[in-house]
Every structure is written in C-alpha cells, then in structure tokens.
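Welcome, and take a moment to look over the sequence and the model shown here. The report below walks through some of its rings, helices, cysteines and inner spaces.

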Amino acid sequence: MKNHKKPMLSVVVVAYNMARQAMNTLYSLSTDYQRGVTREEYEVVVVENQSTNNLHPEEIAKLSGNFRYTLRQESEPTPIHALNQGIELSEGGNICLMIDGARMLSPRTLRYIIDALTIEPNALVAVPGYHIGEQDQKLNNVNQHNEILEQQLLDSIHWKRQGYRLFEISCLSPANPHSYLHPLMESNCLSCSKQTILNYGGANPLFKSPGGGAVNLDLYRGLCSNPKIKLYITPGEGTFHQYHGGVTTMQRDDLEALLMSFRAEYESIKGNPYTAVRKEPILIGAITSFALPTFKEAVMRAEKRFARFATQGQDPWEDGHAC
C-alpha cells in the first residue's frame, strides 16, 4: 500500500455566511489558478460555521487541488474555534491561516509562501491585504459599493484568467495604511510552521467579541514577536477582500465604538495596548506591473519614515537589523 505523503503547507480557510465570496477565494487557492505549485505541495482545509448561506461541498469537490471541507455548528459569533479546528485537522508541516474566507489571493502567493518556508524554517510570511473597490469598504454606503457592483468589477477583469488584475480594482487595506515597508499592523494570510502556531497556542478563545475581535492582530503580533522568527512579506502578491457585510468591513454607525471595545478587550487580555511589531521585513517574490503602483507608494511612505527616524537618531526597526 502506498504511503500517504503529507503536504508541505496546509491552508486553513474559515468561512461563515459568505458562500459566493468563499467560493471565489477557494478557486484562487486551486491549482487551476495558483502558479508554480502542485497539488502534492499543499492542501486547503475549509472550515465553515453553519449559516443560512453555506458552501456546497459538491462545488468544492470540483476544484482542482487537494481540498477538505468541514461544516460545523457554532454557538458563539466568532471564527476562533473554527480556525483552531482547522489547525488540528491540518496535515502539513506548515500552516497558512486565513481567518476570513472572503479574501482572494493573487496567483503566486502559495509559491512564494512555500519558497520562504523552505529558505527559512523560522519564517513568518505575511501577505499584504487589499479591499476590492476604489476605497475602504467601511465606506460602502457612501461609495455605493455592494456585492452586485463588486461582482461586475470582478467579471470586468476576467480575474480567473488574469488574477494579477485584482490590483487594478483594489485599494490598500485600511488596516495597514502605511503599506508593507512600515511595520504591518496585521495580515489576513499568515504562514509559518505548524509547531510555531501550536507553541503559541493557536487563536486565543479569550477574545469573545463578534468576528473574533482583535484575535487576528494578536496572532500576527504574537507569532512575529518570537525572536527566532524572520518576517517575510510578498510585495507583489496580496489578498483581496470581497464585500460581505463583515463586522468591521462595512459601514455602520457604531463602528468606532466597536473598534474601541476590541482595543479594550485586547488590552484586558494581553495587559497592554496593541502596537505594530517593528521587525524588519524580508521581501520575497516578483513584482508584476500590476503591483508596481502599490510598491511605489510603499517606497515613498517608507522613505519618509526612515528619514524621520534618522533625524531622531533612532533605529527604525526594534530588532536592529537595519543600518
């Protein structure tokens, strides 16, 4: 009997009440879309919390690649337990965490994640995030951005054949307003060894706020703060958030109060306010012409930051790697 060869990477995708968006995300993880990888190198572990808008397993089964699907009941308004279940189910020695199933990937994201983890076993790979549309999706009412218009945008670029054109119809995620050559605040596509995640304890269930609150920020900061970890960033790749009426990605009158409660919960759990990790990033991967505008903007913003630190006589990175 032939031995089952475990994949190098397990991609854990959590979904809830976003069947259309999640199917787009899963297609962007298929071998028909991802370039330079084989189905033997990675698996996709899909964990969905029950809703009235579930994925169809038979549609997932049609995707090219190695997909596994679990539908679960969840009594709390959080993706944390689903994410931790996905970690438990994963077979790869490395894990990519995607806590929000509405985030599509660009075509060589998995190739560069695997490359970074091959080069550096202690790598943490953070993929920059973007929102589909001209502006932050939290302003969707003002900008009249909705699922119908978004689908029209996606259709207009033929994204399944030309995935890098997602950059053309997207803007930088407001979670990282200074781009990726500054300290990142968070990433919704984080990859490292499974043992690193297990040592950290996975996603912290003490975060009880809707949508998991600041748990994704906690994961990024906690993993990145490990002194052994080397931070890798993919400047030419990205995740692209589709509008689905998410807790913090839609326009709502109580948003600022909600975000304040997330910050308060984080501080009560961790004992200090959230701050970005000042770890110097290592860039990996090619930069296509479609990603050049955001790369140019990242460089311009970084130049201002470095100049400010030089004037103050300070090192811009806490780890002291920068000259």
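A charge sits over a ring if NZ of Lys or CZ of Arg is within 6 Å of the ring centre and within 35 degrees of the ring normal. Arg305 gives an example: its charged end lies over the ring of Trp317, 4.7 Å from the ring centre. Lys160 does likewise with Tyr27, its charged end sitting over that ring, 4.7 Å from the centre.

Before going further, a word on how to read the values. This is a predicted model, in which local features need pLDDT of at least 70 and side-chain atom pairs count only at pLDDT 80 or more, while totals for chains, interfaces and linings use all residues. Residues are numbered from 1 along each chain as its sequence is written, and side-chain values use heavy atoms, with hydrogens and water left out.

**Rings that meet**

Rings of Phe, Tyr and Trp (its six-membered ring) pair if their centres lie within 6.5 Å; planes under 30 degrees apart count as stacked, over 60 as edge-to-face and the rest as tilted. The structure contains nine such aromatic pairs. One of them joins Tyr27 and Tyr33 edge-to-face, with 6.1 Å from centre to centre and 70° between the planes. Buried means under 20% relative accessible area, exposed over 50%, and partly exposed in between (1.4 Å probe, protein chains only). Tyr27 counts as buried because its relative accessibility is 18%, and Tyr33 is buried too, at 5%.

Phe167 and Phe240 form another edge-to-face pair, with centres 5.0 Å apart and planes at 90°. Helices (H or I, at least four residues) and strands (E, at least two) are DSSP runs, numbered from the N terminus. In those terms, this pair links distant parts of the chain: Phe167 belongs to the loop between α6 (147–157) and β8 (170–172), and Phe240 to strand β11 (residues 239–241), 73 residues apart. Phe167 is buried at 8% relative accessibility, and Phe240 is buried at 0%.

Back at Tyr27, ring pairs link Tyr27, Tyr33 and Trp159 into a cluster.

**Two enclosed helices**

Why does helix α4 (residues 109–119) count as largely enclosed by the rest of the structure? Eight of its 11 residues are buried, so the rest of the structure largely encloses it. Among these buried residues are Arg111, Tyr112 and Ile113.

Helix α8 (residues 215–224) can be read in a similar way: eight of its 10 residues are buried, so it is largely enclosed by the rest of the structure. Its buried residues include Asn216, Asp218, Tyr220 and Cys224.

**Cysteines without bonds**

A disulfide is a pair of cysteine sulfur atoms within 2.5 Å. How many disulfides does a search of the whole structure find? The search finds zero. Two cysteines show why: the table gives the closest cysteine sulfur for each, and both distances are too far for a bond.

| Cysteine | Closest cysteine sulfur | Distance | Relative accessible area |
|---|---|---|---|
| Cys171 | Cys189 | 18 Å | 14%, buried |
| Cys189 | Cys96 | 3.5 Å | 0%, buried |

**A space inside**

On a 1 Å grid over the protein atoms alone, a cavity is a set of points where a 1.4 Å probe fits but cannot get out, and lining residues have an atom within 4 Å of a point. Grid points are joined across faces, edges and corners, and a volume is the space filled by probe spheres set on the points. By this rule there is one cavity of 30 Å³ or more. The largest cavity has a volume of about 40 Å³. Its lining is made up of Arg103, Gly129, Ser173, Ala175, Asn176, Glu186, Ser187 and Asn188.

**Backbone details**

Two residues other than glycine have a positive phi: Asn17, near 55°, and His158, about 50°. Asn17 lies in the loop between β1 (9–15) and α1 (19–28) and is partly exposed at 35% relative accessibility. His158 lies in the loop between α6 and β8 and is also partly exposed, at 40%.

Finally, look for Val45 in strand β2 (residues 42–49). Val45 is buried, with 1% relative accessibility. Its C-alpha atom is separated by 9.8 Å from that of Leu83, and the two residues are 38 apart along the chain.

Definitions and conventions
On a 1 Å grid over the protein atoms alone, a cavity is a set of points where a 1.4 Å probe fits but cannot get out, and a pocket is an open set with protein on both sides within 12 Å along at least five of seven lines; lining residues have an atom within 4 Å of a point.
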